[in-house]
Amino acid sequence: MTPPRPLFINRLFEGLIDPFRPAQDAMPPDRLTRFYAHYLRQVRGPLLLLLVVGLLSALVDVALFDFLGRVVDWVGAASKSASGSSFFEAHGRMLWLMAFVTLIMRPVLTGLHDLLVHQTLTPGLATLVRWQNHRYVLKQGLAFFLNDFAGGIANRILQTGVALRDSAVSALDAIWHVLIYSVTSLVLFARADWRLTLPLIIWIVGYIAALVYFVPRVKHRATVASSSRGKLMGRIVDGYGNIGTLKLFAHNRFEEEYVREAMAEQTGQAQYAARMITGMGLVIAALNGILIAGTPGLALWLWSSGRMSAGVIALATGLAIRINNMSGWIMWVVNGIFENLGVVQDGIHTISRPRVVADAPDAQDLRVAHGGIRFEAVSFHYGRPSGVIDRLTLSIEPGEKIGLIGPSGAGKSTLVNILLRLYDLDGGRILIDGQDISGVRQESLRSQIGVVTQDTSLLHRSIRDNMRYGKPDASDEEIIHALRQAQADGFVSNLIDLQGRTGLDAHVGERGVKLSGGQRQRVAIARVLLKNAPILILDEATSALDSDAEAAIQENLETLMRGKTVIAIAHRLSTIARLDRLVVMDEGLIVETGTHAELVARNGLYARLWRHQSGGSIHDPNAPPPQDA
Ligand code: ATP
């Protein structure tokens with residue numbers, strides 16, 4: 001639901017920060033102070049305004065107490081001369097001025113303050129931080145996401161935005177206010193008698209010492225607490241995300257225990273952090289006692305010995321009580337700031353990591369004229385010292401269609417993943433039309449390759465949005481045409497989701513769970529048909545389809561493959577035996593290559609696999625004529 005149109009004044013202040021302003025795509029700083037500076041610099045205008053408004057309102061507040069002291073003195077003097085009308089004649093201007101300050105200036109300043117905090121900084125700054133961090137993290141390499149909980153990462157992105165905003169606004173708002181308050185109070189006390197400043201000085205020194213001692217400890221404990229909160233969130237989301245497996249294995253008790261353990265750890269960490277906060281509260285309460293008893297006591301003593309007026313007692317007592325009231329609030333604010341520093345610090349651990357797979361600074365767009373691919377002595381070990389793929393060399397001619405075959409775990413999908421540059425190589429290079437893929441923009445590389453994988457997961461959006469991932473500006477007609485080619489138009493037109501959206505508008509559930517595996521795969525094939533990229537990767541593209549559906553799509557797949565360079569992976573060998581060339585992998589190495597007939601004749605690994613699948617007969621009657629290719 002769209003909220004009603006805001007008032008002009010709200011619009012004005014809400015417009016002071018554009019959270020989606022163009023920003024660099026570089027890694028956010030990994031040091032806490034620089035991280036803050038990086039984001040606060042982008043909103044320095046509103047922050048500066050907040051400082052000015054804070055300064056003025058603190059001064060107005062203190063002036064009111066000063067005025068109170070003066071009024072007490074004027075009343076004392078007037079009661080001696082006993083003339084009510086001369087009191088107003090003598091002090092009328094000052095009284096009007098203070099009425100103006102109280103009735104107009106103070107509300108205006110409070111209004112400005114609230115507009116800046118609630119309309120400008122609260123929504124704007126948090127969104128700006130979240131948006132820029134999300135954009136950075138989204139372009140992290142695949143390994144980044146595979147090594148952490150998705151829920152934990154999301155939690156940190158959201159929390160870091162809020163924590164940075166709250167801590168920065170509190171520091172500039174509350175601490176600044178108190179600083180002005182304390183300094184002007186000291187000046188007012190010193191003007192009456194320097195001895196009156198003593199309790200306040202003791203209080204300030206004690207307060208700062210308490211902050212210096214407690215706050216870093218609170219921050220440290222808060223960082224640990226925040227990290228365990230991220231872990232808890234990750235475990236909960238992991239369970240919800242895999243709810244099907246949980247139900248299937250009836251492992252609710254195991255899952256409960258898994259989450260309970262993280263919840264207990266998080267509670268323990270929160271209690272550990274809270275102990276420090278309690279200790280700090282006690283120390284501040286003791287300091288407040290000194291201030292409240294000391295200041296009015298000293299003022300009374302100075303007054304009784306004739307060194308100052310009764311008005312100063314009113315001023316000193318008023319200010320001491322006000323500072324006392326503020327001190328509890330400030331303690332919460334300071335603790336909040338440091339708890340939030342802990343949250344931001346924890347967020348930085350996740351967010352400010354160099355991109356594992358990054359575009360080179362001078363990266364160009366990949367240009368594919370022919371579609372020739374060459375793997376040159378490629379090694380890749382998933383971060384381990386060796387294994388998976390070792391010095392593999394393979395050339396695929398422009399327009400050639402190869403079938404990649406091999407036992408499970410041989411490294412077939414890995415080969416495809418490194419061609420897509422989802423990971424950086426440990427050695428060697430991969431060339432497409434003579435261009436090293438590590439030197440081109442990743443987006444341009446992936447825009448030239450269409451991929452259908454065995455575990456296609458769709459986004460929890462409409463069919464139309466999922467299809468447009470293949471071609472962002474595709475019209476409905478183009479989408480429907482592609483769905484038809486992939487035999488998906490029938491079930492898509494009958495789709496209806498819980499909100500009553502139908503056909504292309506129907507949403508498909510998280511990862512596409514509301515569709516059958518075969519339906520998901522057909523949408524994925526249609527999407528690649530729409531993309532029409534010059535290089536095609538089919539990783540078990542039809543494995544989830546029944547034989548009828550596969551046969552029906554096969555013809556369209558062949559149309560799709562025409563004129564393209566194709567790498568097809570399939571365990572069901574009959575689906576790829578017709579291709580130009582078959583490449584057999586085992587333990588990360590190419591062990592055989594050739595056409596179906598050549599490999600059968602060689603009687604090696606391929607012939608063995610083929611025999612298994614064709615029930616022992618090399619000359620399976622269903623075998624495709626090898627020369628078809
Ligand atoms: P299948 O036919 O079963 O799909 P495959 O030939 O495609 O197998 P890959 O998925 O490429 O095999 O896996 C090759 C090896 O790399 C396996 O030993 C696997 O355990 C390992 N591997 C795969 N993905 C990762 C990962 N993200 N991190 C670490 N190791 C991985």
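Trainee: In what order do the six strands of the open sheet stand, and what kind of pairing do they have?

Mentor: The order is 6-7-8-3-9-10, and the pairing is mixed. This is a predicted model: local features need pLDDT of at least 70, side-chain atom pairs count only at pLDDT 80 or more, and totals for chains, interfaces and linings use all residues. Residues are numbered from 1 along each chain as its sequence is written, and side-chain values use heavy atoms, with hydrogens and water left out.

Trainee: What makes strand 6 and strand 7 count as a pair?

Mentor: Strands are DSSP runs (E, at least two residues), helices likewise (H or I, at least four), numbered from the N terminus. Two strands pair if DSSP finds at least two bridges between them. Four bridges join strand 6 to strand 7 (residues 535–539), so the two pair; they run parallel. One bridge sets Val 452 against Leu 538 in strand 7.

Trainee: Which strands are called edge strands here, and why?

Mentor: Strand 6 (449–452) and strand 10 (589–594) are the edge strands, as each pairs on one side only. Neighbouring strands of this sheet are turned by 20° against each other on average, direction ignored.

Trainee: How do you know which way helix 16 runs relative to strand 6?

Mentor: Axes are lines fitted to C-alpha atoms (for helices over the stretch in contact, meaning heavy atoms within 4.5 Å), and angles run from 0 to 180 degrees between N-to-C directions. Helix 16 (residues 517–531) lies across strand 6 and strand 7 at about 170° to strand 6, so on that scale the two directions are nearly opposite.

Trainee: What is the strand order in the open sheet of four strands?

Mentor: The order is 2-1-4-5, with antiparallel pairing. Strand 2 (389–396) and strand 5 (435–436) each have a single partner strand, so one side of each is left without a neighbour in the sheet. Helix 11 (residues 412–419) packs on this sheet, touching strand 1 (373–380), strand 2 and strand 4.

Trainee: Why do strand 4 and strand 5 count as paired?

Mentor: Two bridges join strand 4 (residues 427–432) to strand 5, so the minimum is met. Ile 432 stands opposite Gln 435 in strand 5.

Trainee: What makes the approach of Ser 408 to the ligand a polar contact?

Mentor: A polar contact is a pair of N or O atoms within 3.5 Å. A polar side-chain atom of Ser 408 lies 2.6 Å from an oxygen atom of the ligand, so the pair qualifies. For Thr 414, a side-chain N or O atom is 2.4 Å from a ligand oxygen.

Trainee: Which helix gives the most to the shell around the ligand?

Mentor: Helix 11 does, with three residues.

Key
A polar contact is a pair of N or O atoms within 3.5 Å; within protein, one must be able to donate a hydrogen and the other to accept it, and residues adjacent in sequence count only if both atoms are side-chain atoms.
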